[in-house]
Amino acid sequence: MITGISHMTFIVKDLERSADFFTNIFNAREVYSSENKTFSLSKERFFLIGNLWVAIMEGESLSERTYNHIAFHIQESDFDAYIQRIQRIGVDIKPERPRVSGEGLSVYFYDFDNHLFELHTGSLAERLACYQLISCIDDEAHLQ
């Protein structure tokens, strides 16, 4: 039985620069560095973001950018502060996609290795409620 996510691993070209990215944007706390040792495939560092174990391993950057991403939940009151953190790091912020009113605020941004991250203020329940409301409105419009 699956009980949750164990960890996420990102392959990065520069461990130091990526460590700065995770600590400065997500307040990640570094809990391990292999330094020059290789226990897995390459040198690695482990972080905790909240209670989530995130690993970075040295390797080649992704060659393409896609919409595959990981989204972290933040409070709406912290949204502008996170935008400032992202801008200070100097990574690319993706233009926002069209959104349904009420589904929360989001900012999408790439790290230095073309991984896409999202900071999102909404919840699954809120999004489903918005989509249901829109479906009901659409159904009523079709009945008229």
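Contact here means heavy atoms within 4.5 Å. The exercises below use a predicted model.

**Exercise 1. The buried face of α2**

Task: Find which residues of helix α2 are buried and what covers them.

Solution.
Step 1. Locate the helix. α2 spans residues 79-89.
Step 2. List its buried residues. They are Phe79, Tyr82, Ile83, Arg85 and Ile86.
Step 3. Look down the axis. These buried residues fall within an arc of 160°, so they line one face of α2.
Step 4. Turn to the other side. Asp80, Gln87 and Arg88 are exposed there.
Step 5. Find the cover. Elements touching the buried residues include α1 (15-26), β6 (93-94), β7 (106-110) and β8 (116-120).
Step 6. Check what comes after the helix. Glycine 90 follows α2, and its phi is positive, near 85°.

**Exercise 2. The order of the sheet**

Task: Work out in which order the four strands of the open sheet lie, and which of them stand at the edges.

Solution.
Step 1. Recall the principle. Strands of a sheet pair through backbone hydrogen bonds, either parallel or antiparallel.
Step 2. Take β1 and β4. They pair in the parallel sense over six bridges. Valine 12 stands opposite glutamate 58 in β4.
Step 3. Take β3 and β4 (residues 52-58). They pair in the antiparallel sense, again over six bridges. Glutamate 44 has methionine 57 of β4 as its bridge partner.
Step 4. Take β2 (residues 29-33) and β3. This pairing is antiparallel, over four bridges. Here serine 33 stands opposite arginine 45 in β3.
Step 5. Put the pairs together. The order is β1-β4-β3-β2, and the pairing is mixed.
Step 6. Name the edges. β1 and β2 each have a single partner strand, so one side of each is left without a neighbour in the sheet.
Step 7. Add the twist. Neighbouring strands are turned by 25° against each other on average, direction ignored.
Step 8. Place the helix. α1 packs on this sheet and touches β1, β2, β3 and β4. Its direction makes about 5° with that of β3.

**Exercise 3. Strand β3 and its hairpin**

Task: Determine how many residues of β3 are buried, and which residue of the hairpin with β4 takes a positive phi.

Solution.
Step 1. Count along the strand. β3 covers residues 44-49, and five of its six residues are buried.
Step 2. Move into the hairpin. Two residues lie between β3 and β4.
Step 3. Read the backbone angle. Glycine 50 takes a positive phi, near 65°.

**Exercise 4. Positive phi outside glycine**

Task: Locate asparagine 27 and glutamate 35, and decide whether each is exposed or partly exposed.

Solution.
Step 1. Know the background. Most residues other than glycine have a negative phi.
Step 2. Check asparagine 27. Its phi is near 55°, a positive value. This residue is in the loop between α1 and β2.
Step 3. Classify asparagine 27. Its relative accessibility is 47%, so it counts as partly exposed.
Step 4. Check glutamate 35. Its phi is also positive, near 55°. Its place is the loop between β2 and β3.
Step 5. Classify glutamate 35. Exposed means over 50% relative accessible area. At 56%, glutamate 35 is therefore exposed.

**Exercise 5. Aromatic rings**

Task: Describe the ring pairs made by phenylalanine 21 with phenylalanine 22 and with phenylalanine 26.

Solution.
Step 1. Start from the total. The model holds 17 aromatic pairs.
Step 2. Take phenylalanine 21 and phenylalanine 22. Their centres are 5.3 Å apart, with 85° between the planes. An angle over 60 degrees counts as edge-to-face, and this pair is edge-to-face.
Step 3. Take phenylalanine 21 and phenylalanine 26. This pair is edge-to-face too, at 5.9 Å centre to centre and 80° between the planes.
Step 4. Check burial. Phenylalanine 21 has a relative accessible area of 1% and is buried. Phenylalanine 22 is buried as well. Phenylalanine 26 is buried, at 8%.
Step 5. Widen the view. Ring pairs link Phe10, Phe21, Phe22, Phe26, Phe47, Phe72, Phe109, Phe112 and Phe117 into a cluster.

**Exercise 6. Charges over rings**

Task: Find over which rings arginine 65 and arginine 85 lie.

Solution.
Step 1. Arginine 65 lies over the face of tyrosine 110, at 4.0 Å from the ring centre.
Step 2. The charged end of arginine 85 sits over the ring of tyrosine 82, 4.6 Å from its centre.
Step 3. Link back to α2. Tyr82 and Arg85 are among the buried residues of that helix.

How values were computed:
Residues numbered from 1 in each chain as written. Predicted model: local features only at pLDDT ≥ 70, side-chain atom pairs only at ≥ 80, totals over all residues. Heavy atoms only, no water. Phe/Tyr/Trp six-rings, centres within 6.5 Å; stacked < 30°, edge-to-face > 60°. Buried < 20%, exposed > 50% of the residue type's maximum accessible area, 1.4 Å probe, protein only. Lys NZ or Arg CZ within 6 Å of the ring centre and 35° of its normal. Pairing = 2+ DSSP bridges. Arc of directions from axis to C-beta. Axes fitted to C-alpha atoms, helices over the stretch in contact; angles between N-to-C directions.
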